[in-house]
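Subject: Structure handover

Hello,

The structure is placed below for you to open. My notes on it follow.

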Amino acid sequence: MPLISRALRAFVVVAEELHFGNAAARLNISQPPLSQLIRQFEAQVGAELFVRSTRSVKLTRAGEVLLQHARRLLAEGDAAVHAARRAGSGDAGRLTVGFVSTAAYQVLPPALSRYRAEYPDVELALEHALTGELADKLAAGTIDLAIFRRLPRAEEPDFVYERVHREKMILALPADHPLNRYERVPMARLDGQDVVGFQREASFYFHSVQTRLFRDHNVRPHIVYESVLPTLLSMVECGMGVALVPESAATLRGTGVQYRPLSGRANAFDVDLYCARRADNLNPTAQAFARVLRESTREAAPESAAR
């Protein structure tokens, strides 16, 4: 501890006790070093702070004035140290999280609820954007974390990735569609079907997934309309066609849309959601949020498996 801070605390204790022996006991030091410390402090201040006699110790006028300020300074110093510790542990500060829309269906809400309960003093900002935009924001350092679908890139950014959710692509159908008779719809049955597809510019990841699924299963659908969730499901509900959607989207529409799992090549229908941060991001609030997100999705996993 710097001399001035150590001496200031010693001065306050002596001023409160008005007895060097009692003050030394409180400070857990012997009396001679305490007396020497106070003498050095008085020399730094340039004024006597105590009137000493063999029978008593009293504050001088300078000591009385200093005591008023010293208590405030020490309290502010303690508060500053406490605030720094909280910021260092992730208990306080600012956090900006970016996310894609499908993260908001199942993954983000329980994580946010839990995080706000555990870290109420963190200033939390949320940004909704497409995966490509979130990757750019993450690279630029304007957001701390991104929850998005991982796109293959020619040059991989220096991000730390953690998969936080895996789900299947399923088939959304109008309530009266003939394919509803299947418990699990073979991909081959989609050949020639009217399909409401994902728009490439606005939903590149899922557009890429549906294109791969059609290609790998030799399916040639009739794309009648392209959009994004949840508009796709509105088009399905009004009978325009069927749609390949992530299973978490099944929470968006009621009885007007039916959902069926798909059968085809093994693991072909898996789609993953990642939490990413820059490798050089040392913000403790980001690490705390990543932990909460990890724990909340792990706890939700058995429920998803049961469904």
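How do the residues of the lining of the second largest pocket divide into nonpolar, polar and charged? There are eleven nonpolar, six polar and two charged residues in that lining. Here Ala, Val, Leu, Ile, Met, Phe, Trp, Tyr, Cys and Pro count as nonpolar, Asp, Glu, Lys and Arg as charged, and the others, Gly among them, as polar.

Please note that this is a predicted model, in which local features need pLDDT of at least 70 and side-chain atom pairs count only at pLDDT 80 or more, while totals for chains, interfaces and linings use all residues. Residues are numbered from 1 along each chain as its sequence is written, and side-chain values use heavy atoms, with hydrogens and water left out.

The pocket

The second largest pocket has a volume of about 340 Å³. A pocket is an open set of points on a 1 Å grid over the protein atoms alone, where a 1.4 Å probe fits, with protein on both sides within 12 Å along at least five of seven lines; lining residues have an atom within 4 Å of a point. Grid points are joined across faces, edges and corners, and the volume is the space filled by probe spheres set on the points. Of its 19 lining residues, Ser101, Leu130, Thr131, Ala202 and Ser203 are the closest to the centre. Two elements, α6 (131-140) and α7 (204-216), give two or more residues to the lining. The largest share, three residues, comes from α7. Helices (H or I, at least four residues) and strands (E, at least two) are DSSP runs, numbered from the N terminus.

Helix α6

Thr131, Leu134, Ala135 and Leu138 of α6 are buried (under 20% relative accessible area with a 1.4 Å probe, protein chains only; exposed is over 50%, partly exposed in between). They lie on the same side of α6, because they cover an arc of only 100 degrees around the axis, taken from the directions from the helix axis to the C-beta atoms. The buried residues of α6 pack against β3 (93-99), β4 (122-128), β5 (145-148), β6 (159-174) and β13 (270-278), contact being heavy atoms within 4.5 Å. Glycine 141, just after α6, has a positive phi of about 80 degrees.

Helix α7

In α7, the buried residues are Tyr205, Phe206, His207, Val209, Gln210, Leu213 and Phe214. These pack against β6, β8 (194-198), β9 (222-227), β10 (243-246) and β13. Asparagine 218 follows α7 and has a positive phi, near 55 degrees.

Regards
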